[in-house]
Amino acid sequence: MREQFQEELDGVGTTLVEMAGLVKIAMENATTALLTADLSLAEKVIADDLIIDEIQHELDAKTINLIARQSPVATVVTSLRMSADLERMGDLAHHIAKSARMRYPATAVPPELSLTIEEMGRVCTKIIEKVALVVKNRDTERALEVERDDDEIDGLHRKIIQTLLDPS
(Lines give C-alpha, C1' and ligand atoms only; values in the text may rest on other atoms or scores of the structure.)
Protein backbone atom coordinates (compact mmCIF):
# COMPACT_ATOMS: atom_id res chain seq x y z
CA MET A 1 0.00 0.00 0.00
CA ARG A 2 2.76 2.42 0.97
CA GLU A 3 4.65 1.67 -2.27
CA GLN A 4 1.58 2.53 -4.35
CA PHE A 5 1.17 5.81 -2.47
CA GLN A 6 4.82 6.70 -3.13
CA GLU A 7 4.35 5.95 -6.83
CA GLU A 8 1.30 8.21 -6.93
CA LEU A 9 3.18 10.93 -5.04
CA ASP A 10 6.08 10.62 -7.49
CA GLY A 11 3.53 10.93 -10.30
CA VAL A 12 2.28 14.18 -8.80
CA GLY A 13 5.86 15.48 -8.70
CA THR A 14 6.44 14.44 -12.30
CA THR A 15 3.28 16.24 -13.38
CA LEU A 16 4.37 19.39 -11.51
CA VAL A 17 7.73 19.26 -13.32
CA GLU A 18 5.94 18.86 -16.67
CA MET A 19 3.60 21.72 -15.80
CA ALA A 20 6.55 23.91 -14.86
CA GLY A 21 8.09 23.16 -18.25
CA LEU A 22 4.92 24.26 -20.05
CA VAL A 23 4.67 27.42 -17.93
CA LYS A 24 8.33 28.20 -18.63
CA ILE A 25 7.75 27.95 -22.39
CA ALA A 26 4.59 30.06 -22.08
CA MET A 27 6.46 32.75 -20.16
CA GLU A 28 9.33 32.79 -22.67
CA ASN A 29 6.93 32.94 -25.61
CA ALA A 30 4.74 35.61 -24.00
CA THR A 31 7.79 37.75 -23.28
CA THR A 32 9.01 37.36 -26.86
CA ALA A 33 5.54 38.12 -28.24
CA LEU A 34 5.30 41.23 -26.08
CA LEU A 35 8.74 42.52 -27.06
CA THR A 36 8.52 41.72 -30.78
CA ALA A 37 4.80 42.14 -31.49
CA ASP A 38 4.63 38.50 -32.66
CA LEU A 39 0.90 37.91 -33.04
CA SER A 40 1.10 34.21 -33.90
CA LEU A 41 3.27 33.52 -30.86
CA ALA A 42 0.83 35.48 -28.65
CA GLU A 43 -2.06 33.42 -30.05
CA LYS A 44 -0.16 30.20 -29.30
CA VAL A 45 0.41 31.20 -25.65
CA ILE A 46 -3.25 32.07 -25.27
CA ALA A 47 -4.38 28.75 -26.76
CA ASP A 48 -1.83 26.69 -24.80
CA ASP A 49 -3.00 28.18 -21.49
CA LEU A 50 -5.98 25.82 -21.67
CA ILE A 51 -3.54 22.89 -21.42
CA ILE A 52 -1.94 24.35 -18.28
CA ASP A 53 -5.37 24.94 -16.76
CA GLU A 54 -6.43 21.35 -17.49
CA ILE A 55 -3.26 19.91 -15.96
CA GLN A 56 -3.82 22.00 -12.83
CA HIS A 57 -7.40 20.76 -12.47
CA GLU A 58 -6.36 17.12 -12.96
CA LEU A 59 -3.45 17.51 -10.54
CA ASP A 60 -5.72 19.04 -7.91
CA ALA A 61 -8.13 16.12 -8.26
CA LYS A 62 -5.28 13.60 -7.88
CA THR A 63 -3.85 15.47 -4.93
CA ILE A 64 -7.18 15.69 -3.13
CA ASN A 65 -7.57 11.96 -3.69
CA LEU A 66 -4.14 11.40 -2.10
CA ILE A 67 -5.05 13.58 0.88
CA ALA A 68 -8.23 11.62 1.36
CA ARG A 69 -6.31 8.33 1.46
CA GLN A 70 -2.87 9.01 2.92
CA SER A 71 -0.25 11.28 4.41
CA PRO A 72 2.26 13.02 4.45
CA VAL A 73 -0.17 15.88 4.18
CA ALA A 74 2.56 18.53 3.92
CA THR A 75 3.84 17.22 0.59
CA VAL A 76 0.36 16.83 -0.78
CA VAL A 77 -0.74 20.32 0.31
CA THR A 78 2.44 21.76 -1.20
CA SER A 79 1.46 20.12 -4.48
CA LEU A 80 -1.91 21.85 -4.36
CA ARG A 81 -0.29 25.23 -3.74
CA MET A 82 2.35 24.74 -6.41
CA SER A 83 -0.09 23.65 -9.10
CA ALA A 84 -2.23 26.71 -8.36
CA ASP A 85 0.82 29.00 -8.50
CA LEU A 86 2.01 27.44 -11.75
CA GLU A 87 -1.46 27.78 -13.21
CA ARG A 88 -1.51 31.48 -12.25
CA MET A 89 1.88 31.92 -13.89
CA GLY A 90 0.42 30.31 -17.00
CA ASP A 91 -2.45 32.78 -16.78
CA LEU A 92 0.08 35.61 -16.53
CA ALA A 93 1.77 34.39 -19.72
CA HIS A 94 -1.72 34.23 -21.28
CA HIS A 95 -2.41 37.83 -20.22
CA ILE A 96 0.96 39.03 -21.53
CA ALA A 97 0.28 37.34 -24.86
CA LYS A 98 -3.15 39.02 -25.04
CA SER A 99 -1.44 42.38 -24.47
CA ALA A 100 0.94 41.59 -27.32
CA ARG A 101 -2.01 40.65 -29.53
CA MET A 102 -3.95 43.77 -28.59
CA ARG A 103 -1.06 46.05 -29.59
CA TYR A 104 -0.21 44.18 -32.79
CA PRO A 105 1.46 45.19 -35.14
CA ALA A 106 3.21 47.52 -32.68
CA THR A 107 4.98 46.31 -29.57
CA ALA A 108 3.23 46.83 -26.24
CA VAL A 109 6.44 47.75 -24.42
CA PRO A 110 7.96 51.23 -24.57
CA PRO A 111 11.61 51.09 -25.68
CA GLU A 112 12.89 52.31 -22.29
CA LEU A 113 11.34 49.25 -20.61
CA SER A 114 12.27 46.58 -23.17
CA LEU A 115 15.46 45.46 -21.43
CA THR A 116 13.75 45.34 -18.03
CA ILE A 117 10.83 43.28 -19.39
CA GLU A 118 13.27 40.98 -21.17
CA GLU A 119 15.18 40.50 -17.90
CA MET A 120 11.94 39.81 -16.01
CA GLY A 121 11.06 37.11 -18.54
CA ARG A 122 14.52 35.58 -18.16
CA VAL A 123 14.36 35.58 -14.36
CA CYS A 124 10.81 34.14 -14.39
CA THR A 125 11.86 31.24 -16.57
CA LYS A 126 14.90 30.67 -14.34
CA ILE A 127 12.61 30.51 -11.29
CA ILE A 128 10.28 28.05 -13.02
CA GLU A 129 13.21 25.82 -13.98
CA LYS A 130 14.50 25.85 -10.39
CA VAL A 131 11.08 25.06 -8.96
CA ALA A 132 10.84 22.05 -11.27
CA LEU A 133 14.27 20.88 -10.08
CA VAL A 134 13.31 21.41 -6.43
CA VAL A 135 10.31 19.13 -6.90
CA LYS A 136 12.08 16.59 -9.07
CA ASN A 137 15.18 16.24 -6.89
CA ARG A 138 13.73 17.36 -3.52
CA ASP A 139 16.53 19.94 -3.51
CA THR A 140 16.11 22.18 -0.45
CA GLU A 141 19.20 24.28 -1.24
CA ARG A 142 17.80 25.20 -4.65
CA ALA A 143 14.50 26.06 -2.94
CA LEU A 144 16.32 28.80 -1.03
CA GLU A 145 17.69 30.12 -4.35
CA VAL A 146 14.13 30.51 -5.61
CA GLU A 147 13.40 32.91 -2.76
CA ARG A 148 16.43 35.03 -3.73
CA ASP A 149 15.40 34.94 -7.39
CA ASP A 150 11.95 36.16 -6.36
CA ASP A 151 13.66 39.16 -4.73
CA GLU A 152 15.28 39.87 -8.11
CA ILE A 153 11.83 39.91 -9.75
CA ASP A 154 10.59 42.29 -7.04
CA GLY A 155 13.49 44.64 -7.82
CA LEU A 156 12.74 44.57 -11.54
CA HIS A 157 9.08 45.23 -10.78
CA ARG A 158 10.05 48.28 -8.69
CA LYS A 159 12.22 49.48 -11.58
CA ILE A 160 9.26 49.31 -13.96
CA ILE A 161 7.01 51.19 -11.54
CA GLN A 162 9.66 53.88 -11.03
CA THR A 163 10.06 54.27 -14.79
CA LEU A 164 6.31 54.51 -15.32
CA LEU A 165 5.94 57.08 -12.53
CA ASP A 166 8.89 59.20 -13.70
CA PRO A 167 7.49 62.53 -14.95
CA SER A 168 9.77 62.43 -18.00
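Where is the place of A37? A37 sits in the loop between α1 and α2. The structure described here is a predicted model. This briefing covers the nonpolar core, the helices, the backbone at two loop positions, selected residues and the largest pocket.

**Backbone in the loops**

- A37, a residue other than glycine, has a positive phi, near 55°.
- The relative accessible area of A37 is 10%, and the residue is therefore buried, the cut-off for burial being under 20%.
- A second loop, between α3 and α4, contains P105.
- The peptide bond that leads from Y104 into P105 is cis, and its omega is near 10°.
- For context, most residues other than glycine have a negative phi, and most peptide bonds are trans.

**Nonpolar core**

- The largest nonpolar core has 41 residues.
- The members of this core that touch the most other members are L16, L34, V45, L86, I117, I127 and I153.
- Two or more residues are given to this core by each of α1 (2–36), α2 (39–69), α3 (73–103), α4 and α5.
- Helix α1 provides the largest share of the core, with twelve residues.
- Not counting residues up to four places away in sequence, L34 touches I96, S99, A100, T107, A108, V109 and I117.
- I117, one of the residues that L34 touches, is likewise listed with L34 among the core members that touch the most others.

**Helix α5**

- Helix α5 covers residues 140–165, which is 26 residues.
- At 1.5 Å a residue, helix α5 should span 38 Å, and the end C-alpha atoms are 38 Å apart, so the expected span and the model agree.
- The buried residues of α5 are V146, D149, I153, L156 and I160.
- These buried residues of α5 pack against α4 (111–137).
- I153, buried in α5, is also one of the core residues that touch the most other members.

**Selected residues in α1 and α4**

- T125 is located in helix α4.
- T125 counts as buried because its relative accessibility is 8%, where the limit is under 20%.
- Leaving aside neighbours within four places in sequence, T125 is in contact with K24, M27 and E28.
- V17 belongs to helix α1.
- The relative accessibility of V17 is 22%, so V17 counts as partly exposed; this class lies between the 20% and 50% limits.
- With residues up to four places away in sequence not counted, V17 touches A132, V135 and K136.
- V17 and P111 are separated by 94 residues in sequence, and their C-alpha atoms are 34 Å apart in space.

**Largest pocket**

- The volume of the largest pocket is about 1,300 Å³.
- Helices α1, α3, α4 and α5 are the elements that give two or more residues to its lining.
- The lining of the largest pocket comprises 47 residues, and L86, M89, I127, I128 and V131 are those nearest the pocket centre.
- The largest share of this lining comes from α3, which contributes 14 residues.
- By residue class, the lining of the largest pocket consists of 28 nonpolar, nine polar and ten charged residues.
- L86 and I127, which are among the lining residues nearest the pocket centre, also appear among the core residues that touch the most other members.

Technical notes:
Residues are numbered from 1 along each chain as its sequence is written. This is a predicted model: local features need pLDDT of at least 70, side-chain atom pairs count only at pLDDT 80 or more; totals for chains, interfaces and linings use all residues. Side-chain values use heavy atoms; hydrogens and water are left out. Helices (H or I, at least four residues) and strands (E, at least two) are DSSP runs, numbered from the N terminus. The expected span of a helix is 1.5 Å times one less than its number of residues. Buried means under 20% relative accessible area, exposed over 50%, partly exposed in between (1.4 Å probe, protein chains only). Contact means heavy atoms within 4.5 Å. A nonpolar core is a set of buried Ala, Val, Leu, Ile, Met, Phe, Trp, Tyr and Cys residues joined through side-chain atoms within 4.5 Å. On a 1 Å grid over the protein atoms alone, a cavity is a set of points where a 1.4 Å probe fits but cannot get out, and a pocket is an open set with protein on both sides within 12 Å along at least five of seven lines; lining residues have an atom within 4 Å of a point. Grid points are joined across faces, edges and corners, and a volume is the space filled by probe spheres set on the points. Ala, Val, Leu, Ile, Met, Phe, Trp, Tyr, Cys and Pro count as nonpolar, Asp, Glu, Lys and Arg as charged, and the others, Gly among them, as polar.
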